[in-house]
Amino acid sequence: MNSNLVQELRWRGMIHDIMPGTEEQLAKERTTAYVGIDPTADSLHIGHLVSIMLLKHLQMAGHKPLALVGGATGMIGDPSFKAAERKLLTVDEVRHNVDCIRQQLSKFLDFDNPDNGAEIVNNYDWMKDYLFLDFIRDVGKHITVNYMMTKDSVKKRMETGISFTEFSYQLLQGFDFLTLYRTKGCRLQMGGSDQWGNITTGTELIRRMDGGEAFALTCPLITKADGTKFGKTEGGNVWLDPEKTSPYKFYQFWLNCSDVDTARYIRIFTLLGKEEIEALERAHAECPEQRILQKALAKDITCRVHSEADYNAAVSASELLFGKGTTEQLNALDRATLLSVFEGVPTYTVPRSVIEAGISVIDLAAAETSMFESKGAIRRELKQNSISLNKAKIGEDYTVTATDILQSGCLLLQKGKKNYYLVTIEG
């Protein structure tokens, strides 16, 4: 058993609050611990990664991780530090989301280890047949309203209003902890710092109902140095599902982090060791313009969330956008990645029949794009060797045909280094 788990989490900046006795418990014996995830969407986003990394470090230290997917509590919604009540999900919506999240978690946790293999549990399994009257009689009588009202997550909602449904959430989460304590020997719950009140309600239930001892550990809520919310872009959340956030956009998110943020993120979101991270920081300080730290962070996390092949494709795509790259690299991109890379670039649609019949590059550029004022301007640029098709220079007598169409079903025209025009082929 690795007795240095808490020290490991501390130097990584991953501990906000820890209940007395937690470090001693982890050093004493293999401990089962869990993190809860509400299935409010059919994909995890990078905000979930902090808790998942807690489970990863826990398992690497020899302890047993449980990932509780809240099929029951997800139908209610956690009020913790939310400005308004969430939309309630149907049973079918929750079931679909749970199935998707199960698949994503398997990328991070080892479910096959015979000693401390991870498990996924769903609180819908023990709540679906629990009658309301039985629950309030068996569980509700052990926690007073006064106790529940002292939680910050509740107090912050008193002015705007909180429904009984959301008010009851901490009792349900506390019962989850009690159930896992009884059925799985779970002694520790971990989560974000906004979960402290809910987690300690669970430890209190275990103490009052079973005379047992349980523990709590929370990590800081991740924010950006400029005060804006972590994990949000103009397009919304950064998802782990490549259909929601392409591997290219995922890679770019981490690559574009500030130096200050990256110094924190590389400790939290990667498994790189302390010496390796400190060496990267020294190299970065010497040549910050090379963004060594950001590249290391982006590589590690993109490979683990997606794959090494997706990472390599994202790097190639980045080179293409910034004036480098080859025709072969461009042709290797699928349509989704290509559109992600050149998002915001003027895009025009041309019937496939036009390309298959053959069209001069002058006619194509003049008729289908706003690159030039006239055909004369096109010819001048072509004579100056400043026009490229699919990253290859072309002359004024060039005819565009079906053989030029990329595997993504597009053509990429480029004027100079920074002016791109994407032609999508239809039909």
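This report describes the confidence, sheet pairing, aromatic contacts and salt bridges of a predicted model.

Local features are reported at pLDDT of at least 70 and side-chain atom pairs only at pLDDT 80 or more, while totals for chains, interfaces and linings use all residues. Residues are numbered from 1 along each chain as its sequence is written, and side-chain values use heavy atoms, with hydrogens and water left out.

**Confidence.** The predictor's confidence in each residue is given as pLDDT, on a scale from 0 to 100. The protein has a mean pLDDT of 88, and 91% of its residues reach 70 or more. Over residues 79–86 pLDDT stays under 50; for this segment the model has 26 contacts (heavy atoms within 4.5 Å) beyond four places in sequence.

**Sheet.** Helices (H or I, at least four residues) and strands (E, at least two) are DSSP runs numbered from the N terminus. Two strands pair if DSSP finds at least two bridges between them. An open sheet of five strands has the order β9-β15-β14-β11-β12, with mixed pairing. Because β9 (347–351) and β12 (392–393) stand at the edges with a single partner strand each, one side of each is left without a neighbour in the sheet. Five bridges join β9 to β15 (residues 419–426) in the parallel sense; Thr 347 has Leu 422 of β15 as its bridge partner.

**Aromatic pairs.** Rings of Phe, Tyr and Trp (its six-membered ring) pair if their centres lie within 6.5 Å; planes under 30 degrees apart count as stacked, over 60 as edge-to-face and the rest as tilted. The whole structure contains 15 aromatic pairs. Tyr 130 and Phe 135 form an edge-to-face pair, since their ring centres are 5.6 Å apart and their planes stand at 85°. Accessibility is classed by relative accessible area (buried under 20%, exposed over 50%, partly exposed in between; 1.4 Å probe, protein chains only). Phe 135 is buried at 9%, whereas Tyr 130 is partly exposed at 23%.

Tyr 251 and Tyr 311 are also edge-to-face, with centres 5.8 Å apart and planes at 70°. Tyr 251 belongs to helix α12 (residues 247–255) and Tyr 311 to helix α16 (residues 308–321), so this pair ties together parts that are 60 residues apart in sequence. Both Tyr 251 and Tyr 311 are buried. One aromatic cluster consists of Phe 230, Phe 250, Phe 253, Trp 254, Tyr 265 and Phe 269.

**Salt bridges.** Side chains of opposite charge can pair when their charged atoms come close. With a salt bridge defined as a side-chain nitrogen of Lys or Arg within 4 Å of a carboxyl oxygen of Asp or Glu, the count is 16. Examples are tabulated below.

| Acidic residue | Basic residue | Closest N to O distance |
|---|---|---|
| Glu 23 | Arg 10 | 3.5 Å |
| Asp 42 | Lys 244 | 3.1 Å |
| Asp 138 | Arg 137 | 3.5 Å |

Asp 42 lies in the loop between β2 (32–37) and α3 (49–60), and Lys 244 in the loop between β8 (236–237) and α12, so their salt bridge ties together parts that are 202 residues apart in sequence. Asp 42 is partly exposed at 22% relative accessibility, and Lys 244 is partly exposed at 39%. Lys 244 also lies over the face of Trp 239, at 5.4 Å from the ring centre; the criterion is NZ of Lys or CZ of Arg within 6 Å of the ring centre and within 35 degrees of the ring normal.

For the pair Asp 138 and Arg 137, Asp 138 is partly exposed at 29% and Arg 137 is exposed at 53%. A network of salt bridges links Lys 64, Glu 119 and Lys 184.
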